[in-house]
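User: Please take a close look at the aromatic pairing in this model and at the part of the fold that holds it. I would then like the account extended to the charged and nonpolar side-chain contacts elsewhere in the chain.

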Amino acid sequence: DTGCHRILIYNNIPTKNYIGADIVIGQKDFESMDDIYIRGGCSYRCIVRENNFEMPTSIFVDKQRLYIADKSHNRILIFNKIPGRNNMSADVVVGQTNFTSWVENPLERIGKNTLGYPSGVSSDGKRLYIADTGNNRILIFNKIPDKNNASADIEIFK
């Protein structure tokens, strides 16, 4: 739910229209939308945490993890298990040094550990693949990062 800066999780695939989700992450509950987004987004006064997003554009689920491309925060969030309750926090951040940083390519340097508006994320359960749209490249991690600020093993530039 990109416009509401949240991810909705359904425990079962809906079989009818207008079925409500079971779990929301990125917001504290189903009715809330952080005041920060209503007042103009992250560009001015951003409170970035391990449990919020700005414009999430892609998610991927492997057998145990949830990956979210948090495009406007220039990062990928990794949940080591699928959230089982509202407003859960990510375990690992890729593209930033910590969960409260959000700038594109810090110090204006494109590195194997920075991101610029990532729009896609995928995994085969062993490797992580990121479409780093703002930097016109694909990043490949030979193992799923388990620590913040991990560096990619392979960069494929356009």
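Analyst: The count of aromatic pairs in this predicted model comes to 1. The partners are Phe60 and Tyr67, whose ring centres lie 6.2 Å apart with the planes at 45°, so the pair is classed as tilted. An interplanar angle under 30 degrees would have made the pair stacked, and one over 60 edge-to-face. The two rings differ in exposure: Phe60 is partly exposed, at a relative accessible area of 24%, whereas Tyr67 is buried at 0%.

The backbone setting of this pair is a strand pairing. Phe60 stands opposite Tyr67, the latter belonging to strand 4. Strands 3 and 4 run antiparallel and are joined by 5 bridges. In general, strands of a sheet pair through backbone hydrogen bonds, in either a parallel or an antiparallel manner. Here the sheet is an open one of 4 strands, in the order 3-4-5-6, with antiparallel pairing. Strand 3 and strand 6 (92–94) occupy the edges; each has a single partner strand, so one side of each is left without a neighbour in the sheet. From one strand to the next, the twist averages 20°.

The loop between strand 3 (56–61) and strand 4 (66–70) contains Lys63. Lys63 counts as exposed, with a relative accessibility of 88%. Between Lys63 and Ala152 the separation is 89 residues in sequence and 22 Å in space, taken from C-alpha to C-alpha.

The charged contacts come next. Side chains of opposite charge can pair when their charged atoms come close. Over the whole structure, 7 salt bridges are found. One of them links Asp70 with Arg75, the closest N and O atoms being 2.8 Å apart; both Asp70 and Arg75 are buried. Another joins Arg6 to Asp1, with 2.7 Å between the closest N and O atoms. In that pair Arg6 is buried, at 14% relative accessible area, while Asp1 counts as partly exposed at 37%.

A further salt bridge is formed by the side chains of Arg137 and Glu155, at 2.4 Å from N to O. Arg137 lies in strand 9 (residues 137–141) and Glu155 in strand 10 (residues 154–157), so this contact ties together parts that are 18 residues apart in sequence. Arg137 is buried, with a relative accessible area of 4%, and Glu155 is partly exposed at 27% relative accessibility. Asp132 also takes part, being linked with Arg137 and Glu155 in a network of salt bridges.

Nonpolar side chains make up a surface feature as well. Ile138, Ile154 and Ile156 form a nonpolar patch on the surface, with about 220 Å² of accessible area together. Of these residues, Ile154 lies in strand 10, the strand that also holds Glu155. Ile154 counts as partly exposed, at 35% relative accessibility. Since membership of a patch requires over 30% relative accessible area, the value of 35% for Ile154 meets that cut-off.

Technical notes: Residues are numbered from 1 along each chain as its sequence is written. This is a predicted model: local features need pLDDT of at least 70, side-chain atom pairs count only at pLDDT 80 or more; totals for chains, interfaces and linings use all residues. Side-chain values use heavy atoms; hydrogens and water are left out. A salt bridge is a side-chain nitrogen of Lys or Arg within 4 Å of a carboxyl oxygen of Asp or Glu. Buried means under 20% relative accessible area, exposed over 50%, partly exposed in between (1.4 Å probe, protein chains only). Helices (H or I, at least four residues) and strands (E, at least two) are DSSP runs, numbered from the N terminus. Rings of Phe, Tyr and Trp (its six-membered ring) pair if their centres lie within 6.5 Å; planes under 30 degrees apart count as stacked, over 60 as edge-to-face and the rest as tilted. Patches are made of residues with over 30% relative accessible area and no salt bridge: like charges are joined within 9 Å, nonpolar side chains (Val, Leu, Ile, Met, Phe, Trp, Tyr) within 5 Å. Accessible areas come from the Shrake-Rupley method with a 1.4 Å probe; for residues, only the protein chains shown count as cover. Two strands pair if DSSP finds at least two bridges between them. Axes are lines fitted to C-alpha atoms, for helices over the stretch in contact, and angles run from 0 to 180 degrees between N-to-C directions.
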